[in-house]
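I opened my notebook with a short list of things to look up, and I put the surface at the head of the list.

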Amino acid sequence: MSVEPALLGGVALFRSMDDDERRALAAVMDLREVRAGAIVFQAGEEGDSLLCVVDGRLDTLVKDNAGQEIVLAVVGPGDAVGEMSMLDGRPRSATVRCTEDARLLVLERDHLLAVLPRSPHLALDMMAQMAARARRVDDLLRSRVSRNVNEEVEAQRTTVERVADAIAAFSGSIPFLVLHATWFACWIGWNVLRPRGFDPYPFGLLTMVVSLEAIFLSVFVLLSQSRQAAKDRVHSDVEYEVNVKAEMEVAALHEKLDRLHEELVDRLRRLGRDLEAGGPRANAAGAE
């Protein structure tokens, strides 16, 4: 499908080009329409083209050792994808999936190499875009490395949750027990020893105050226990991911050891054949 030069004006890579350069480039580009949910290209495929998004949205995906998909970048209108494989000639390093119906400008490797000598600023723009993408990947990797779960949960706590945790922690301490024992002793002693105490036996006011305190404390303790349960689930998820990655690494080590063993056995067999073949020749030379 032919490409209108005006479409190139919305792509960040081509904004520094003049009208003549855009017309020349549009003449060698194709317009491709992709439906939502379609795979634009898979990781490992040969990459010989650059894709620029006119409209729609794409996700750049890779899979980690646990088989989970990681979204490296969301490619929207004006962005480009696939430049790495096109420049170095190596297979695609990630999978690109269309999340919204999109129109893509397709630039083949040979056409780009023909354009670069006439538009060197295009190479600089491509390098800048690749550097920006590398920075986003670095930020993503830093956010996915192993972290202290307690620190992560602590950073996300609200003020109410902090207060609930503090009250729950204090209610289960020895100072809390001593404080209440002293308070009850003083309250009962004051109302028993004085003829007109403010809360005579059977201490109805004290009973009401203690009941209200127990209600509020139970709510705070339940809130704290709910947060602890959520933290335990996060711990379990982290431990599961660590175990899966450890199993994957162990399996990879076993595969490497098996390959080394096979190579060693093969070399020993070749060495044995060489010795057997060299033995008769040595005996024949000695007989002569």
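Which residues make the nonpolar surface patch of about 980 Å²? Before writing anything down, I noted that this is a predicted model. I then found that the patch is made by Val160, Trp190, Phe198, Leu205, Met208, Leu212, Ile215, Phe216, Val219 and Leu223. When I looked up where these residues sit, I saw that helix H9, which covers residues 204-287, gives the largest share of the patch with seven residues, and I noted Ile215 as one residue that lies in H9.

Next I turned to helix H2, residues 19-26, where I listed Glu21, Arg22, Leu25 and Ala26 as buried. Seen down the axis of H2, these buried residues fall within an arc of 130°, so they line one face of the helix. I reminded myself that an α-helix has 3.6 residues a turn, so residues three or four places apart point the same way.

My third entry is on Thr60, which I found in strand E3, residues 49-63. Is Thr60 buried or exposed? Its relative accessibility is 10%, and because buried means under 20%, Thr60 counts as buried. Leaving out residues up to four places away in sequence, I wrote down that Thr60 touches Ile70, Val71, Leu72, Ala73, Val75, Val81, Ala94, Thr95 and Val96.

Last, I looked up the cysteines and asked how many disulfides the structure holds. A disulfide is a covalent bond between the sulfur atoms of two cysteines, and I found zero of them here. I also noted that Cys52 counts as buried at 0% relative accessibility, and that Cys98 is buried with a relative accessible area of 1%.

Technical notes: Residues are numbered from 1 along each chain as its sequence is written. This is a predicted model: local features need pLDDT of at least 70, side-chain atom pairs count only at pLDDT 80 or more; totals for chains, interfaces and linings use all residues. Side-chain values use heavy atoms; hydrogens and water are left out. Buried means under 20% relative accessible area, exposed over 50%, partly exposed in between (1.4 Å probe, protein chains only). Helices (H or I, at least four residues) and strands (E, at least two) are DSSP runs, numbered from the N terminus. The arc is that of the directions from the helix axis to the C-beta atoms. Contact means heavy atoms within 4.5 Å. Patches are made of residues with over 30% relative accessible area and no salt bridge: like charges are joined within 9 Å, nonpolar side chains (Val, Leu, Ile, Met, Phe, Trp, Tyr) within 5 Å. Accessible areas come from the Shrake-Rupley method with a 1.4 Å probe; for residues, only the protein chains shown count as cover. A salt bridge is a side-chain nitrogen of Lys or Arg within 4 Å of a carboxyl oxygen of Asp or Glu. A disulfide is a pair of cysteine sulfur atoms within 2.5 Å.
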